[in-house]
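Trainee: I'm new to this one. Can you walk me through it?
Mentor: Sure, let's put it on screen.

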Amino acid sequence: MDERLLALRKNAALRGEPVLRDKSFELLIRTVKEKQPKSILEIGVNEGYSGIAMLLNSSGARLTGIEIDEEKVKKARENYRIFGVENKAKIFLGNASEIIPLLSAKYDFIFLDGPKGHYGEYCDNLLSALNLGGVLFADNVLYRGYIGENRKAPHKHATIKHSIEEFLRKITENKGLKTVVYDIEDGVSITEKLYE
Ligand SMILES: C[S@@+](CC[C@H](N)C(=O)[O-])C[C@H]1O[C@@H](n2cnc3c(N)ncnc32)[C@H](O)[C@@H]1O
């Protein structure tokens with residue numbers, strides 16, 4: 001992995017930016033290396049680190065990102081230039097709830113790392129936007145250990161809990177999908193679309 005990228009990620013984490021944690025990041029990169037997607041969608045770009053890492057580890061891939069924070073979009077575009085991937089990456093600035101339903105393209109790989117309280121809402125549209133054989137990789141699916149019928153969450157996290165549980169139901173109960181949930185860090189799910 002590019003040392004400069006690792007250092008920038010580490011620095012962003014120290015500044016309190018919500019970047020993907022180390023083991024989940026390694027799993028993301030391992031999965032991208034194995035699948036070699038040509039088209040990637042990222043929900044929640046932040047300053048661009050995971051997007052850059054995915055592009056550097058898949059030959060010929062193009063990335064579309066969605067990010068609501070204008071300052072983060074500026075920073076991500078600057079980082080794309082620093083790593084020479086600016087011609088392979090574009091970002092839609094705006095709310096994923098409004099942008100996802102308008103997507104007309106299909107993707108080989110979708111990385112869901114946006115607002116946790118909307119995973120359930122995004123799920124159907126993201127699965128429709130996934131090519132056959134494609135992968136939906138989602139972070140935070142075991143959110144703080146609050147996920148599961150017999151787990152309690154503080155009231156302020158109830159919306160996120162319900163949304164992630166809805167998301168998990170959809171990706172595990174659909175017979176056209178193969179899903180593995182990894183109990184690492186905040187929880188990661190990897191879903192492969194086997195048939196429509
Ligand atoms: C966990 S961070 C993404 C980290 C990034 N994937 C990485 O690992 O480098 C989540 C991002 O989602 C963005 N976000 C939050 N709500 C959003 C929304 N409704 N639509 C689009 N982006 C949103 C936040 O601004 C934040 O940058």
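Mentor: One term before we start. Helices here are DSSP runs of H or I with at least four residues, strands are E runs of at least two, and both are numbered from the N terminus. Also, this is a predicted model.

Trainee: Got it. Which helices and strands each supply at least two residues of the shell around the ligand?
Mentor: Helix 3 (49–56), strand 2 (62–67) and helix 5 (96–99).

Trainee: And how many residues surround the ligand?
Mentor: There are 18. The closest are Leu-20, Gly-44, Asn-46, Ser-50 and Ala-96.

Trainee: How does the shell divide into nonpolar, polar and charged?
Mentor: Eight are nonpolar, six are polar and four are charged.

Trainee: Switching to the sheet. In what order do the strands come?
Mentor: The order is 3-2-1-4-5-7-6. These seven strands form an open sheet with mixed pairing.

Trainee: Which strands stand at the edges?
Mentor: Strand 3 (89–93) and strand 6 (177–182). Each has a single partner strand, so one side of each is left without a neighbour in the sheet.

Trainee: What does the twist average?
Mentor: It averages 15 degrees from one strand to the next.

Trainee: Parallel or antiparallel for strand 1 and strand 4?
Mentor: Parallel. Strand 1 (residues 39–43) and strand 4 (residues 107–112) pair that way over four bridges. In one of them, Ile-40 has Phe-109 of strand 4 as its bridge partner.

Trainee: Which strands does helix 2 touch?
Mentor: Helix 2 (residues 22–35) packs on the sheet against strand 4, strand 5 (130–139), strand 6 and strand 7 (188–193). Its direction makes about 170 degrees with that of strand 5.

Trainee: Back to helix 3. Which strands does it lie across?
Mentor: Strand 1, strand 2, strand 3 and strand 4. Helix 3 runs at about 170 degrees to strand 2.

Trainee: At what angle do the axes of helix 1 and helix 3 cross?
Mentor: Roughly 160 degrees, and the axes come within 10 Å. That makes helix 1 roughly antiparallel to helix 3. The crossing is left-handed.

Trainee: Which residues meet there?
Mentor: Helix 1 brings Leu-5, Leu-8, Arg-9 and Ala-12, and helix 3 brings Tyr-49, Ile-52 and Ala-53. By class, that contact has six nonpolar, no polar and one charged residues.

Trainee: Last pair: how do helix 6 and helix 7 cross?
Mentor: Helix 6 (residues 119–128) and helix 7 (residues 158–173) have axes that come within 7 Å and cross at roughly 30 degrees. They are therefore roughly parallel to each other.

Trainee: What makes the contact?
Mentor: Helix 6 uses Tyr-119, Gly-120, Glu-121 and Cys-123. The residues from helix 7 include Phe-167 and Lys-170. By class, the contact has five nonpolar, two polar and three charged residues.

Terms used: Residues are numbered from 1 along each chain as its sequence is written. This is a predicted model: local features need pLDDT of at least 70, side-chain atom pairs count only at pLDDT 80 or more; totals for chains, interfaces and linings use all residues. A residue is near a molecule or strand if its C-beta atom, placed from the backbone, lies within 6 Å of it. Ala, Val, Leu, Ile, Met, Phe, Trp, Tyr, Cys and Pro count as nonpolar, Asp, Glu, Lys and Arg as charged, and the others, Gly among them, as polar. Axes are lines fitted to C-alpha atoms, for helices over the stretch in contact, and angles run from 0 to 180 degrees between N-to-C directions. Angles under 35 degrees count as roughly parallel, over 145 as roughly antiparallel, 65 to 115 as roughly perpendicular and the rest as oblique. A crossing is left-handed if the near helix is turned anticlockwise from the far one by less than a right angle, and right-handed if clockwise. Two residues are in contact if their C-beta atoms, placed from the backbone, lie within 7 Å. Two strands pair if DSSP finds at least two bridges between them.
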